[in-house]
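Hi,

Here is the structure I promised to pass on. Have a look at it first, then read my notes below.

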Amino acid sequence: MAGLYAHPDYYEIAFDFRDVAAEVDFFEACIDRFGERSNRPDSVLEIACGPSPYLLEFDARGYEFTGLDNSSEMISHSIEKAREHDIEATFLRRDMADFVLPSDVDFAFCALGSLYLDSNEALLSHLDSMADAMTPGSLYCIDGSIDFAGGTSSQSEWETTRGDTTVRFGIEQEPIHTTEQLVRQTLTTRVETPEGTRHFREEYVRKTFAPQEFRMLLERTEFDHVGWFDSFDLSTPVEDCEPGTLHRPVTVLRRR
Ligand SMILES: C[S@@+](CC[C@H](N)C(=O)[O-])C[C@H]1O[C@@H](n2cnc3c(N)ncnc32)[C@H](O)[C@@H]1O
């Protein structure tokens, strides 16, 4: 049975907890403080865009939006969302590990721990594709995906109701290979509607990237590490945070 990533409507209910405008404020604050371009960026790429929750906010601020995802359901849903709001945007069904964009962008981000990569080589290939897709001096912000906690198991679950639909979503991560730093992520979803109850389950094997390992790998790419900031707040650098207290650490990279 296909998982939640093949059901964008239910995904949007489960992940409707963010303050998208505040997160885009943070991205623009990063651009102001760390971007090198004299002109304000006017194009943005979302890696693993899913149902493109940031599309409307970026469009309202004058950016041209490109979304990339490997789920055809997510891409179709995003195309439909853009059409409904009369937005001209580009959506590409691609694997983030290796892709080419039709034209360069001058800001990029990946939200909600969505770097689905299974090796260091895949990360390097992803960053090569990103470097080819981005203008010099532009920023790439990655929300989550760096393993600050260090190979531990984790589990969380929550329930959201919108109208007559209730989505209960659970995410569990467990280490499955010590030296390759592989973890299995299991997503379970229960959807209750007046028509009945549906269950979805999906599993992904991913590599974790420790912070210093990530920085060393970056030396083999066209990106510089600008900083790590927790909770979409430039006044909260991760190096000042107590271990175990991080909420949503964001990695900020700059294309050379
Ligand atoms: C947690 S969702 C994030 C969606 C969206 N960025 C958001 O903030 O709500 C992760 C997304 O990653 C996509 N994905 C998983 N593996 C991928 C890959 N190898 N290449 C591109 N997209 C991928 C899934 O289809 C899913 O839409």
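Let's start with Arg248: its relative accessibility is 14%, so it counts as buried. Keep in mind that this is a predicted model. What does Arg248 pair up with in a salt bridge? Its partner is Asp143, with N and O 2.7 Å apart. Arg248 sits in the loop between β10 and β11 while Asp143 belongs to strand β5, so the salt bridge ties together parts that are 105 residues apart in sequence. Asp143 is buried too, at 3% relative accessibility.

Now try Arg190 and Glu159, whose closest N and O atoms are 3.7 Å apart in another salt bridge. This one links strand β8, where Arg190 lies, to strand β6, home of Glu159, and the two residues are 31 apart. Are these two buried or partly exposed? Arg190 is partly exposed at 28%, and Glu159 is partly exposed at 43%.

Glu222 and Arg255 also form a salt bridge, at 3.7 Å from N to O. Glu222 is in the loop between α6 and β10 and Arg255 is in strand β11, so parts 33 residues apart in sequence are tied together. Here Glu222 is partly exposed (38%), but Arg255 is buried (14%). Asp25, Glu28, Arg40, Glu57 and Arg61 are joined into one network by salt bridges that share partners. The count for the model is 19 salt bridges.

Then there's the ligand. Of the 20 residues around it, the nearest include Tyr11, Arg18 and Asp69. Side-chain N or O atoms come within reach of ligand oxygens: 2.5 Å for Tyr11 and 2.6 Å for Asp69. The protein buries 96% of the 600 Å² that the ligand exposes when taken alone.

Cheers

Terms used: Residues are numbered from 1 along each chain as its sequence is written. This is a predicted model: local features need pLDDT of at least 70, side-chain atom pairs count only at pLDDT 80 or more; totals for chains, interfaces and linings use all residues. Side-chain values use heavy atoms; hydrogens and water are left out. A residue is near a molecule or strand if one of its heavy atoms lies within 4 Å of it. A polar contact is a pair of N or O atoms within 3.5 Å; within protein, one must be able to donate a hydrogen and the other to accept it, and residues adjacent in sequence count only if both atoms are side-chain atoms. Accessible areas come from the Shrake-Rupley method with a 1.4 Å probe; for residues, only the protein chains shown count as cover. A salt bridge is a side-chain nitrogen of Lys or Arg within 4 Å of a carboxyl oxygen of Asp or Glu. Helices (H or I, at least four residues) and strands (E, at least two) are DSSP runs, numbered from the N terminus. Buried means under 20% relative accessible area, exposed over 50%, partly exposed in between (1.4 Å probe, protein chains only).
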